[in-house]
Amino acid sequence: METARKFIKTFSNVPMLGWLIGFFAAVLIEYYWGYDYISYYLGLPKIPVLFGALIMLKEPIMIPGAIAYDLIVYVIPILFIAKVSIFFTNRVAAVLEKTPLWMSAIIHLAFFYGVLHLWAGINDYRVLIVKLTLISIILTISINVINGYQGEFSCSHPGFMAIGAYISSILTLYFFVNDKTFGTAVLSSELGPWLFPIALIAGGVAASLGSLLVAIPSFRTRGDYLAIISLAFMFIVKSAVENLNVIGGARGMGGQPDYAPLPIIFIWTILCIWVVHNFVTSIMGKALNAVRDDEAASESMTVKTRKTKMTAFMFGAFWAGIAGGLFAHVLAYINPGMFSINRLAEILAMVYFGGLNSIIGSIVGAISINVLGEALRPLELFKWIIIPLILILVMIFRPYGLISFKEINAKKLLRSKHKREQGA
Amino acid sequence: MPALLNVNKMTHYFGGLRAVYNYNLNIKPHQITGLIGPNGAGKTTIFNLITGVYTPTQGSITLENENIKGLETNEIAAKGLGRTFQNLALWRHMNVLDHIKMAHYSQLSYGLIGSFFNTTKCRQQETQIEENSYRLLELFDIKQHADQIVTNLPYGAQRRVEMARAMATNPKILFLDEPTAGMTPDELGQMIKIIRQVHQDFNVAIFLIEHRMKFVMELCQYIQTLVFGELIAEGPPEVIQNNPEVIEAYLGKEDLT
């Protein structure tokens, strides 16, 4: 315990930039030597995709090799480079600190994206996992607005997602693709990627209009009753889509153009984090918390509780719709079965695991559940024992989730760690 | 002097139960009015009726000659009726500063879009509200607790937070529902001081429900006594103190035979 603490303390003066550079180095090592040398000499069949989890679970004999690979490629280079580069990174971080926060944040994010792109680019499977994880982050943050900040127990999120997915798919298929149901493209397909955001936003707006069906009953009921109403909403959407043969019915709808490459999804995710963060840290957004904690007191303190509830639902649903639209264009195929109770369980697991009332918690929850879900795939059925077990443990020891009631402090996150050392 | 708040012949039924009957109230600017009465007399109901939690079955309520009956609670609050609650109604996951900031809600004009994109207008208003909130915190002597979650505060401080929060809505009349409930005699003295200070600094009228006679007699300029939803006596403290009906309602009838 003592040594662990000392070990962690050694790295307390590494700024965010240092970790990014460490990660960058690790990715470079993997990129240039990963396949030809490291995995070859360790006897691994190929580069481990998700830190070797899949290989380890499939063939236990490979466990030492996979662990060695992780150490050689990730752990050691990241720690080493991060620590060695502090004299340089701290200075750069100090310079960036003097620039406006948004500029510093954009530089960090751009660098992070570059590294992530390189890491994911090793194979297509990784790209897909990263894409789906980013979409899950949007979903989790959006449900956190309703279930965490607003404190309602809403189960209609897959429904909102479905509305967004279908509306944006219909728009892109109708306008930019020669499709057998919607006929020839109305506009030139070159315009597609540029007008795709409008299709997405249309999907989001449609989802937020749909959410009014749940928001308006929420003026009168809370808790269990609202959960039932919202669950009903989800099934209404699902069966409505199943019975609409124009959009494929239960067979689903395919052929969406590939307008959602990794950078686009990354930008949407960052946009979502930024907007939701702005909202929930403003007084207007904190009214959500006030209404959750004591509705009568909020009314007496001039808070418009109805407007606040409607805002929470419509805002959350909007982002769920965006996530649905991106999801449809990543998989290029959707069917109503995707937006059912399984999806709901996954979304709820992510938000309650990560932490209520916290964006950073949602990010952690989305990443952990997604990566766990992928990494434990070889266990097949046991995966559905292990993940719920972890959830139960989290609920016992941290009832509000791993990281709850905490907001991102970008300034603190990105600052140089040099000064603090001198000051202490 | 024209009345600030005027309640005329207000009657309210909960189903078949007559909770308030023919209630009249006239609050002048800068006046401290007390409402006393035994348990279940309908005092808190009267608060809820005036502040818009319930809409009275009959009667009229006007604030500065403007009808406020039938408006939403938040609209009435924004027009200048601040209140505290009998059992503290604080937001349990929020820190003290946010409580005070939240009560400025009706003064926000940046709109939802402003808050989504953190516009300059939004930032300016929020900074201004934050400064104002700190001033209030200082006045109520809770500035040192600003960053703490409100449930971690001692009881007396929580009461002060509630009061500061009510004052942040910029009220013309402050409704206090048993401000000293559950307080020690020590805290009681403090509370009297705070109420006096608020009364003076903010130039508000105060309407309070209280059980402790000492407190009411010391603070109020005008007292109403309510029994079973009906006023049985009203007047300055000296008059109420010696009114036989009030004594009867509180202490029971003296059996002379």
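# Close-up views of a predicted two-chain model

**View 1. Just past the end of helix H16 of chain A, we meet Gly355(A), which takes a positive phi of about 135°.** Like every view here, this one shows a predicted model. Step back into the helix itself: H16(A) covers residues 341–354, so count along and you will find 14 residues. From its first C-alpha to its last it reaches 20 Å, close to the 20 Å expected at 1.5 Å a residue.

**View 2. Helix H16 of chain A is mostly covered, with 10 of its 14 residues buried.** Which residues of H16(A) are buried? They are Arg343(A), Leu344(A), Glu346(A), Ile347(A), Ala349(A), Met350(A), Val351(A), Tyr352(A), Phe353(A) and Gly354(A). Now look for what covers them: the cover includes helices H7 (124–149), H8 (157–176), H11 (223–242), H17 (359–375) and H18 (383–397) of chain A.

**View 3. Helix H4 of chain A has a kink of about 40°, and Leu71(A) sits at its centre.** This helix holds residues 63–84, 22 in number, and spans 30 Å between its first and last C-alpha, close to the 32 Å expected at 1.5 Å a residue. Its buried residues are Gly65(A), Ala66(A), Tyr69(A), Ile72(A), Val73(A), Pro77(A), Ile78(A), Ile81(A) and Ala82(A). What do they pack against? Their partners are helix H2 (16–41) and helix H3 (53–58) of chain A.

**View 4. The largest nonpolar core has 151 residues, with members such as Leu326(A) and Ile173(B).** Five residues touch the most other members: Ile138(A), Ala323(A), Leu326(A), Ala164(B) and Ile173(B). Helix H15 of chain A provides the largest share of this core, 14 residues. Zoom in on Leu326(A): leaving aside neighbours within four places in sequence, this residue is in contact with Ile135(A), Leu200(A), Ala260(A), Ile265(A) and Trp268(A). There is also a second, separate core of 22 residues, which includes Leu17(A), Ala66(A), Ala82(A) and Ala93(A). As a general guide, nonpolar side chains tend to be buried together in soluble globular proteins.

**View 5. Lys307(A) is found in helix H15 of chain A.** Why does Lys307(A) count as partly exposed? Because Lys307(A) has 14 C-beta neighbours inside 10 Å, and that number falls between the 12 or fewer of an exposed residue and the 20 or more of a buried one. Try finding Phe219(A) too: Lys307(A) and Phe219(A) are 88 residues apart in sequence, while their C-alpha atoms are 9.7 Å apart in space.

**View 6. Chains A and B meet through 24 residues from chain A and 31 residues from chain B.** On the chain A side, the elements giving two or more residues are helices H12 (262–281), H13 (283–293), H14 (295–300) and H15 (305–331). H13(A) gives the largest share of that side, 8 residues. What kinds of residue make up the chain A side? They divide into 11 nonpolar, 8 polar and 5 charged.

**View 7. The domain assignment of chain A gives two parts to look for, domain 1 (2–100) and domain 2 (124–411).** Their C-alpha centres lie 32 Å apart. Where these domains touch, 6 residues of domain 1 are in contact with 8 residues of domain 2. The domain 1 side of that contact has 5 nonpolar residues, no polar ones and 1 charged.

Methods. Residues numbered from 1 in each chain as written. Chains lettered and ligands numbered in written order. Predicted model: local features only at pLDDT ≥ 70, side-chain atom pairs only at ≥ 80, totals over all residues. Contact = placed C-beta atoms within 7 Å. Helix = DSSP H or I, 4+ residues; strand = E, 2+ residues; numbered from the N terminus. Nonpolar A, V, L, I, M, F, W, Y, C, P; charged D, E, K, R; others polar. Core = buried A, V, L, I, M, F, W, Y, C linked by C-beta atoms within 7 Å. Expected span 1.5 Å × (residues − 1). Bend = angle between axes of the 7 residues up to and from the residue. Domains from an automatic or database assignment.
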